[in-house]
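Colleague: I should like to go through this model with you, one question at a time. Please give the reasoning before each answer.

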Amino acid sequence: MNTHLHVTAWVLAFILFIVTIVLRKQGKAKGAKIVQMILRLDYLLILYSGGDLLAGYFSAKGAILGEAIVKGLAGVWIIAAMEMVSMKLAKGKSTKGAWIQLIIATIITLILGFGRLPFGFLP
């Protein structure tokens, strides 16, 4: 399983996301755009490693399969919410709804990934 790769990739994504937000708030659009492109490449790594983890749950079958699918969808929701926050911030629009979505999706994903599903770090 690629659990460590997956966790490393999404931690890196959150760091790059914060750097993008800070650069946008400072008015450094070019730097923010470069970091955003690197972030988008990191999304591909997250999707690959998450898909590998999801394939492991498909081979395990059982009651956890539904939770694994929900976690995967919530993970994709996180990526979409991060993009919404970044793009709305770049266009000068309100980001409140996108932030709320990002927080809800992150909570769902962390609870399922670390607390409920067996490939996480917690027992």
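Colleague: In which helix is Glu83 found?

Modeller: The model is a predicted one. Helix α3 covers residues 64-91. Glu83 is therefore found in helix α3.

Colleague: Is Glu83 buried or exposed?

Modeller: The relative accessible area of Glu83 is 18%. Buried means under 20%. Glu83 is therefore buried.

Colleague: Which side chain does a polar contact of 2.8 Å join to that of Glu83?

Modeller: Leaving aside neighbours within four places in sequence, Glu83 is in contact with Gln36, Arg40 and Tyr43. The polar contact of 2.8 Å joins the side chain of Glu83 to that of Arg40.

Colleague: Which helix gives the most to the largest nonpolar core?

Modeller: This core has 19 residues, and Phe17, Leu39, Tyr43, Ile46, Met82 and Leu102 touch the most other members. Each of α1 (3-25), α2, α3 and α4 (96-116) supplies at least two residues. With six residues, the helix that gives the most is α1.

Colleague: Which residues is Leu102 in contact with, leaving aside its neighbours within four places in sequence?

Modeller: Leu102 is among the core members that touch the most others. Beyond those neighbours, its contacts are Phe14, Phe17, Ile78, Ala81 and Met82.

Colleague: Which helix supplies the largest share of the nonpolar surface patch?

Modeller: Leu41, Leu44, Leu47 and Val76 make this patch of about 400 Å². Leu47 lies in helix α2 and is partly exposed, at a relative accessible area of 45%. The largest share, three residues, comes from helix α2.

Technical notes
Residues numbered from 1 in each chain as written. Predicted model: local features only at pLDDT ≥ 70, side-chain atom pairs only at ≥ 80, totals over all residues. Heavy atoms only, no water. Patch = residues over 30% accessible without salt bridge, like charges linked within 9 Å, V, L, I, M, F, W, Y side chains within 5 Å. Areas by Shrake-Rupley, 256 points an atom, 1.4 Å probe, with all protein chains shown as cover. Salt bridge = Lys/Arg side-chain N within 4 Å of Asp/Glu carboxyl O. Helix = DSSP H or I, 4+ residues; strand = E, 2+ residues; numbered from the N terminus. Buried < 20%, exposed > 50% of the residue type's maximum accessible area, 1.4 Å probe, protein only. Polar contact = N/O pair within 3.5 Å; in protein donor to acceptor, adjacent residues only side chain to side chain. Contact = heavy atoms within 4.5 Å. Core = buried A, V, L, I, M, F, W, Y, C linked by side-chain atoms within 4.5 Å.
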